[in-house]
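Please open the structure in a viewer and keep the selection tool at hand. The tour proceeds stop by stop, with a selection to make at each one.

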Amino acid sequence: MNRLKPRHIQTRLTLWLLASVLVLVAVFWLVTARAPVMLTEHYVVDRLAHDAETLVVGLEPGGNTPRLDPTYANPIYERPYSGHYYQLDAGGTTLRSRSLWDFDFQPKAVESFPATYHAVGPSDQPLLVYADRMQKQGTWVEVHVAEDLSTLMERIETFRWRFAIVALIILGIMLVAQRLIVRASLRPLDRVQRDCRRLQEGEIDRLDEAVPPELQPMVGEINHLQDAMQRRLSRSRKALGNLAHALKTPITLIDQVLQRSRDDLPPETAERLAEGVARMRQITDRELRHARMAGESRGGERFDVERELPRLLGMFRHLHPGKHFAHRLDCPAGALLRADREDMYELLGNLLDNAAKWADRRIEVEMSLREDGWRIEIADDGPGVPEGSLRELAQRGTRMDESRDGHGLGLAIVRELVELYGGHLSFSRSPALGGLAVEIRLP
């Protein structure tokens with residue numbers, strides 16, 4: 001049954017309101033279609049009762065042959081098949097209206113008087129019959145007075161068709177109106193949805209709480225969760241930066257002790273210890289650099305390409321003064337890369353670290369916005385990587401040259417980040433610089 005339930009609130013409201021309107025129109029149609037019939041029959045019965053009393057008053061039951069004074073009978077009862085008929089039974093004598101002509105009218109036996117019933121008259125006329133029993137000068141008189149309803153029924157049928165057309169027009173107007181009302185009622189949800197998208201893209205810090213009371217608890221919970229995540233992220237960044245900063249002094253101390261004791265250690269052991277200390281220093285320097293780059297920025301903030309890339313390259317120029325970093329942007333002003341700013345710093349930082357490590361002198365960065373997303377290419381003029389080893393580059397722990405510093409984690413982190421955002425990572429030899437070219441495509 002759950003499969004049959006619409007998922008969209010707007011669709012549910014529309015279907016429920018549609019069902020309600022259809023039921024309302026159906027009930028209104030039944031009542032309106034039946035009411036004219038009932039009112040008409042009541043009116044006709046009242047008139048037939050009046051005619052029955054008049055006929056009994058005009059009846060002269062004296063003697064063996066009762067007779068009806070013609071002045072008490074409406075002239076319409078004299079015209080054959082006129083649609084108005086009567087039949088009197090007084091003391092075993094039956095008096096019929098001339099309008100019945102040769103039609104054999106058979107009154108229906110009723111349990112009590114007065115009573116009404118339907119019968120078929122001359123030429124299959126639908127008759128409404130009023131029956132009563134009255135006493136006149138000691139003689140019981142049973143009277144049946146009938147009227148043809150065919151003309152009234154035709155007019156009622158015409159009224160029903162006209163009412164059906166009007167009802168359909170009203171139904172159409174109500175459906176359009178309820179559709180507009182539903183859309184207007186759900187418009188605040190559209191605004192909350194747009195704010196959630198802006199919050200995800202880092203354009204705002206919190207959702208606007210100026211929403212209808214029904215949505216305020218949900219918006220409040222989202223803002224509370226966002227604040228909690230920001231506080232946790234800020235604490236994590238500070239803790240990581242503090243840890244890296246705290247490790248610098250012990251690492252320096254170890255390095256000094258190592259340098260003083262270097263002559264007392266076997267050369268191979270001293271080299272391995274020096275390499276380990278250098279790796280620890282590189283890690284702490286990198287984490288401190290990330291902590292400085294993050295600063296007080298909020299989580300979820302998008303990467304402003306035009307602003308952030310020159311800033312990032314400026315930092316690497318300072319770290320590697322002997323290398324030349326060039327970049328080229330092909331995107332509209334203010335374009336935002338739809339990925340977390342800190343993730344992009346991690347991704348581009350690792351690639352630039354790797355390029356600076358291997359480049360002889362020049363590193364080129366190109367970022368362009370295309371129809372299918374972003375294209376990022378970082379190339380260097382270093383020795384590059386043999387064609388057969390390109391596929392192994394992004395595997396965690398893989399190092400192409402043990403003579404250079406590194407842990408084999410940078411490119412693997414880059415691949416994980418690219419996969420996180422549904423992008424594509426590829427390696428090749430740069431046609432212009434001759435070194436390694438890393439291409440990233442992000443949606």
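The stops below take in strands, hairpins and helices of this predicted model.

**First stop: strand β6**

Select residues 126-136, which form strand β6. This strand is mostly covered, since eight of its eleven residues count as buried. In a regular strand the side chains alternate between the two faces of the sheet.

**Second stop: the β5-β6 hairpin**

Add residues 115-120, which make up strand β5. Strands β5 and β6 pair in the antiparallel sense, and six bridges join them. To find the register, display Thr116 and look across to Tyr130 in β6, the residue that stands opposite. Five residues lie between β5 and β6 in this hairpin. Select Ser123 in the turn: its phi is positive, at about 55°.

**Third stop: the β6-β7 hairpin**

Now select residues 139-148, strand β7. Strand β7 also pairs with β6 in the antiparallel sense, over ten bridges. Here Leu127 and Asp148 of β7 stand opposite each other. Which residue of this hairpin takes a positive phi? The residue to display is Gln137, with a phi near 50°, and the hairpin has two residues between its strands.

**Fourth stop: helix α2 and Gln178**

Move on to residues 150-185, helix α2. Within this region, highlight residues 161-182, which an unreviewed UniProt entry annotates as "transmembrane region". In the model this span is 100% helix and 0% strand, and its end C-alpha atoms lie 31 Å apart.

Then pick out Gln178, which belongs to α2. Is Gln178 buried or exposed? Its relative accessibility is 9%, and the cut-off for buried is under 20%, so Gln178 counts as buried. Display Thr14, Leu17 and Leu18 as well: Gln178 touches these residues, leaving aside those up to four places away in sequence.

**Fifth stop: helices α3 and α4**

Finally, select residues 187-200 for helix α3 and residues 216-260 for helix α4. The two helices pack at an angle of about 5°, and their axes are 12 Å apart. Angles under 35 degrees count as roughly parallel, and α3 and α4 are therefore roughly parallel to each other. To view the contact, show the side chains of Val192, Cys196 and Leu199 on α3, together with Met218, Val219, Ile222 and Gln226 on α4. By class, the residues of this contact comprise six nonpolar and one polar, with no charged residue.

Notes:
Residues numbered from 1 in each chain as written. Predicted model: local features only at pLDDT ≥ 70, side-chain atom pairs only at ≥ 80, totals over all residues. Heavy atoms only, no water. Axes fitted to C-alpha atoms, helices over the stretch in contact; angles between N-to-C directions. Helix = DSSP H or I, 4+ residues; strand = E, 2+ residues; numbered from the N terminus. Parallel < 35°, antiparallel > 145°, perpendicular 65-115°, else oblique. Contact = heavy atoms within 4.5 Å. Nonpolar A, V, L, I, M, F, W, Y, C, P; charged D, E, K, R; others polar. UniProt positions renumbered as here; feature names shortened; annotations may be inferred. Buried < 20%, exposed > 50% of the residue type's maximum accessible area, 1.4 Å probe, protein only. Pairing = 2+ DSSP bridges.
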